[in-house]
Amino acid sequence: MSLIQKSYAKAPVLLQEVALSAWGLYWKWLRLGGAFRRELAGWKERESWRRERLEDYQALRLRALLRLALGRTEHYPRLWRSHGLTDSQVLALDPSSLGRLPVTSRHQFSHRPWSVYNGGPGGQRFAIKRATSGTTGTPLTVAFSPRVYQSAYAAVEARGYHWAGVSVRDRRTTIGARSIVPAAQSAPPFWRRNYVERQLYLSAFHLSPLSAAGYCRALNDFAPGLMTGFSSSHYLLASMIESQGLSVHSPVAVVPGSDSCQPHMQRKIESVFGAGVYPLYGMVEQCLLATTCERGSLHVHPDFGIVEIVDRRGRALPPGETGRIVATGLTNTSSLFIRYDTGDVGRWSVDSCPCGRGNLPVLAGLEGRVEDVIRTPEGRELTRLDRLFTNLVGIECAQVVQREPDTLVIRLLVTAAADRESMEREMVGRAVSFVGRMKLEFEYVNEIPRDPNGKFRAVVSLLGRGGDSQSSSSER
Ligand SMILES: [Zn+2]
């Protein structure tokens, strides 16, 4: 713990809120100052461009990005030359031929993050730096110039918040993993005000059945228009509010991000908070952005990044087929991510969205992280294990863990009223149809631990994978 963190932890709540607000002032300037307004206008304008015009824009930005990668980074020229590509071949690529470049993953440069920075080790010395550890725990520090950061934030405002009928300037709550409340604190308040940004920041780590009523009161007192932060925390809080019969304030919209919002979670948050839920899919790397429209589809923004869904060899998959999500960031020209393996899997929708935004392709659900796939003894790979416990009364939170090839451990956080026996019987019955002959074991817990970065994992595989999958998981 640094000296600043130690002093913060010892300070009274009011002083902590002054510190948080000062920090908020700095971040408000970083996010909403400088180029923000101009960038916001750009995102608003391009939103209505036809697909062809967006493709031309992509091609233009891609060419500039490739030139930057060749001239200003260490990682890409070396990688591409080792695959037998000459600089002129690289510079001749467009979005449709981008697949000729190899896929790259974070473990290749996480020990030398500056090798993907524009300008190398010294090039981003004064930039904003943000660390990400991903679900595999491979840490990476990403650098942004203020302009890149403001542009990315403007994209979220234009295509995320505005679509949901809200703005970053509204009264907002964030349930997140910042250490604003000391870990050892056992009594409320587990939230702090950031007066500058009209934000109430709630700690994701202190939420429990015992503290839920306090969180609910804090929300009612603050009355936010917009709620942001972890999907899993909103889901957990909604479940507790419901099971404890509490009444809670309805915001205009909930725009969760940071971790995956599965359909059953989204339905629960919607019904308990009585508000539209618009999950956002982005990454610290700022190499892709997808936001939810009023018809519930997750639209990818082609002017933010080029998104591909590929098989294990990096070849494009047709709509409806699940594969790895590989992204090329067109906005982030400070840290370059080109054909970057995001570690997520998903598929393109086979249907077009009735909202009319045919220019912005639809991701038909993110189906969990690559390492969070269950492998059956017959070799089948399963995702979306939430089917096991969807709609079962009394479950506040659940996690599926595979430690052995033939067994799934279901970790459950349940209410006192839960009928464990009938719940288990129901899950065993459901499992037969898609899990097959695997054994189910149930573990009742008081808390389901999060990753060090605060992310919640619905499905955890602790198995090393065989054959082809092994090479693909060790790539990360
Ligand atoms: Zn739509």
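A crossing of two helices is left-handed if the near helix is turned anticlockwise from the far one by less than a right angle, and right-handed if clockwise. The legends below refer to a predicted model.

**Figure 1. Helix 10 packs against helix 11 in a left-handed crossing.** In this predicted model, helix 10 spans residues 231–243 and helix 11 spans residues 263–273, and their axes lie 9 Å apart at an angle of about 50°. That angle makes helix 10 oblique to helix 11. On the side of helix 10, the contact is formed by Ser231, His234, Tyr235, Ala238, Ser239, Ile241 and Glu242, while helix 11 contributes Met265, Lys268, Ile269, Val272 and Phe273.

**Figure 2. Ser250 sits in the loop that follows helix 10 and leads to strand 7.** Strand 7 comprises residues 253–257. Ser250 counts as partly exposed, because 15 C-beta neighbours fall inside 10 Å. Leaving aside residues up to four places away in sequence, Ser250 touches Phe273, Gly274 and Ala275; Phe273 also belongs to the helix 11 side of the contact with helix 10. Between Ser250 and Met227, which are 23 residues apart in sequence, the C-alpha to C-alpha distance is 9.7 Å.

**Figure 3. Helix 3 passes helix 8 in a right-handed crossing.** The axes of helix 3, residues 36–46, and helix 8 come within 8 Å of each other and cross at roughly 45°, and the two helices are therefore oblique to each other. Phe36, Glu39, Leu40, Trp43 and Lys44 of helix 3 meet a set of helix 8 residues made up of Gln150, Ser151, Tyr153, Ala154, Ala155, Glu157, Ala158 and Arg159.

**Figure 4. The largest nonpolar core of the protein contains 109 residues.** Within this core, Leu288 and Ala327 have the most contacts, and helix 8, residues 146–161, gives the most to the core, with 9 residues. When residues up to four places away in sequence are not counted, Leu288 touches Gly282, Met283, Val300, Phe304, Gly305, Val307, Ala327, Gly329 and Thr342. In the protein as a whole, buried residues make up 42% of the 476 residues.

**Figure 5. Ala223 and Gln286 each have a positive phi of about 50° although neither is a glycine.** Ala223 lies in the loop between helix 9, residues 212–222, and strand 6, residues 226–230, and is exposed, since 12 other C-beta atoms lie within 10 Å. Gln286 is found in the loop between strand 9, residues 280–282, and strand 10, residues 289–292, and is buried, since 26 other C-beta atoms lie within 10 Å.

**Figure 6. A cis peptide bond joins Pro188 and Pro189.** The omega angle at this bond is about 10°, and Pro189 is located in the loop that connects strand 3, residues 172–176, with strand 4, residues 191–194.

**Figure 7. The stretch of residues 465–476 has a pLDDT below 50.** The mean pLDDT of the protein is 87, and 90% of its residues reach 70 or more. Over residues 465–476, where the pLDDT is below 50, the model nevertheless shows 18 contacts beyond near neighbours in sequence. Where pLDDT is low, predicted coordinates should not be read in detail.

Terms used
Residues numbered from 1 in each chain as written. Predicted model: local features only at pLDDT ≥ 70, side-chain atom pairs only at ≥ 80, totals over all residues. pLDDT = per-residue confidence, 0-100. Contact = placed C-beta atoms within 7 Å. Core = buried A, V, L, I, M, F, W, Y, C linked by C-beta atoms within 7 Å. Buried ≥ 20, exposed ≤ 12 C-beta atoms within 10 Å, placed from the backbone. Helix = DSSP H or I, 4+ residues; strand = E, 2+ residues; numbered from the N terminus. Axes fitted to C-alpha atoms, helices over the stretch in contact; angles between N-to-C directions. Parallel < 35°, antiparallel > 145°, perpendicular 65-115°, else oblique.
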